[in-house]
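Work through the following exercises with the coordinates open beside you. Each task is followed by a solution that proceeds step by step.

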Amino acid sequence: MDEEYDVIVLGTGLKECILSGILSVNGLKVLHMDRNDYYGGESTSLNLNQLWKRFRGDDKPPENLGSSKDYNIDMIPKFMMANGALVRVLIHTNVTKYLNFKAVDGSFVYNKGKIHKVPATDVEALKSPLMGLFEKRRARKFFIYVQDYDENDPKSHEKMDLRKVTAREVISKYGLDDNTVDFIGHALAMYTDDKYLDKPALDFIKKMKLYAESLARFQGGSPYIYPLYGLGELPQAFARLSAVYGGTYMLNKPECKVEFDENGKAFGVTSEGETAKCKKVVCDPSYLPDKVGTVGKVARAICIMSHPIPNTSDSHSVQVILPQKQLGRKSDMYLFCCSYSHNVAPKGKYIAFVTTEAETDNPEMELKPGIELLGQVDEIFFDAYDRYEPANKQDEDNCFISTSYDATTHFESTVEDVIAMYSRITGKNLDLTVDLSAASAADEE
């Protein structure tokens with residue numbers, strides 16, 4: 001361990017593994033260490049016995065739940081947008097060869113006490129029960145504008161400069177009501193709050209286009225894909241990539257103490273009496289707890305069921321977004337469901353998560369509106385974890401710390417953090433311009 005590395009990465013969570021893979025591909029010498037004897041960190045995947053041990057302290061689940069090894073329960077479950085940033089990273093780095101993907105069946109939104117399919121195109125807008133007749137026509141015109149919008153074609157701009165005009169102004173031009181804006185902003189553009197309404201509209205329109213393009217890509221019922229056997233394979237796939245490009249991996253390394261010089265700059269990591277030297281340290285918040293601040297808490301319920309979520313067209317895999325206004329909350333709630341069709345549970349079993357940003361000290365009560373939509377539940381586990389963000393000055397201490405995973409059930413915010421960290425570490429932008437149409441990133445099923 002007495003070599004010098006460009007970067008030492010601590011923790012094998014998904015963000016850290018993506019970064020070590022990309023940094024290795026781009027020619028940096030990387031050492032990747034983890035105090036655990038398994039990959040994944042917070043974003044690990046558990047079998048049934050491990051889940052039982054973690055939440056019940058007893059590793060003997062009832063036999064009627066089936067074989068433990070047939071369960072792959074992701075602790076941070078998130079779907080991937082088929083045309084989104086993570087799929088671009090997977091294709092850019094050729095990690096797709098290590099994984100098999102399958103389209104997710106459904107994408108739904110909770111509105112006025114009911115679950116509805118999210119309309120993403122002008123045709124779907126006309127069919128959607130979410131809106132009345134006149135609102136459908138207005139929404140259809142708006143969807144056509146979004147579909148036709150091309151940043152490089154001024155004719156498609158309808159005399160609006162989206163770098164200056166706010167999302168609220170664009171929406172008001174089409175006369176959409178608050179109810180429609182609610183599902184468009186939260187279930188299509190994937191915003192977690194309404195701050196986007198007063199920001200330049202370009203990002204909002206791009207996010208809507210991403211949803212529609214992702215939906216069109218596999219002609220499925222949703223814009224999402226998910227790996228067979230769950231996300232547990234993802235950190236390992238990036239670890240393999242890093243190793244192919246000369247990265248060194250060390251699991252089960254106790255302590256992993258970051259060493260600082262007299263100027264407060266990190267220069268290495270010590271474990272078991274040996275210090276590996278480096279120019280920069282990349283890690284999750286647990287490795288440098290004195291350099292992060294608590295910014296919130298995620299509350300979640302993990303449920304094992306014997307049926308799909310009701311009112312989702314019997315979808316074996318599905319996301320339902322419950323926008324904050326529909327619940328009288330400050331943050332959205334998310335339902336995630338996956339099943340034996342993605343090989344994450346035995347035949348006939350479904351894994352559902354209900355997640356949200358905790359707003360009280362009683363997360364079980366907060367999660368109730370989401371849990372009530374699940375129907376009969378075989379087993380339920382409650383959990384909460386703090387969310388951390390870096391509070392250090394990385395140009396002063398050479399430490400690059402990822403943010404904790406949020407409550408969303410899709411990967412867009414996670415990859416935004418990874419791409420931003422890459423730029424801060426290397427001083428370069430990550431080029432993800434890949435031809436998605438030429439790459440087969442998912443099994444069409």
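**Exercise 1.** Determine how many helices and strands the chain contains, and decide why its overall dimensions may be called compact or not.

*Solution.* In this predicted model, the chain holds 14 helices and 19 strands. The next step is to compare the radius of gyration of the chain, 22 Å, with the 22 Å that the globule rule gives for 445 residues; the two are close, so the chain is as compact as a globular protein of that length. Along the principal axes, the C-alpha trace extends over about 70 × 60 × 45 Å.

**Exercise 2.** Describe the burial, the contacts and the surface of the chain, and then locate the centres of the positive and negative side chains relative to one another.

*Solution.* Beginning with burial, 57% of the 445 residues of the chain count as buried. Turning to contacts with a separation of 6 or more, one finds that 72% of them are accounted for by residues 24 or more positions apart. The exposed area of the chain is about 19,000 Å², of which carbon and sulfur atoms supply 47%. Finally, there are 53 positive and 66 negative side chains, and the centres of these two sets are 5 Å apart.

**Exercise 3.** Establish how many disulfides the chain has, and explain why C278 is not bonded to C399.

*Solution.* The criterion needed here is that the two cysteine sulfur atoms of a disulfide lie within 2.5 Å, and by this rule the count comes to 0. For C278, the closest cysteine sulfur is that of C399, and because the distance is 8.2 Å, the pair is too far apart for a bond. C399 is likewise in no disulfide, its nearest cysteine sulfur being that of C283, at 6.5 Å. As for their surroundings, C278 is buried with a relative accessible area of 5%, and C399 is buried with a relative accessible area of 0%.

**Exercise 4.** Place V354 in the secondary structure, state whether this residue is buried or exposed, and list its contacts beyond its sequence neighbours.

*Solution.* V354 belongs to strand β17, which covers residues 350-357. Because buried means under 20% relative accessible area, V354, at 0% relative accessibility, counts as buried. Once the neighbours within four places in sequence are set aside, the residues in contact with V354 are A299, R300, A301, M333, Y334, L335, L367, G370, I371 and L374. As a last step, consider K291, which is 63 residues from V354 along the chain: the C-alpha atoms of these two residues are separated by 30 Å.

Notes:
Residues numbered from 1 in each chain as written. Predicted model: local features only at pLDDT ≥ 70, side-chain atom pairs only at ≥ 80, totals over all residues. Heavy atoms only, no water. Helix = DSSP H or I, 4+ residues; strand = E, 2+ residues; numbered from the N terminus. Rg over C-alpha atoms; globule rule 2.2 N^0.38 Å. Buried < 20%, exposed > 50% of the residue type's maximum accessible area, 1.4 Å probe, protein only. Contact = heavy atoms within 4.5 Å. Areas by Shrake-Rupley, 256 points an atom, 1.4 Å probe, with all protein chains shown as cover. Lys, Arg positive; Asp, Glu negative; His and termini not counted. Charge placed at Lys NZ, Arg CZ, Asp CG, Glu CD.
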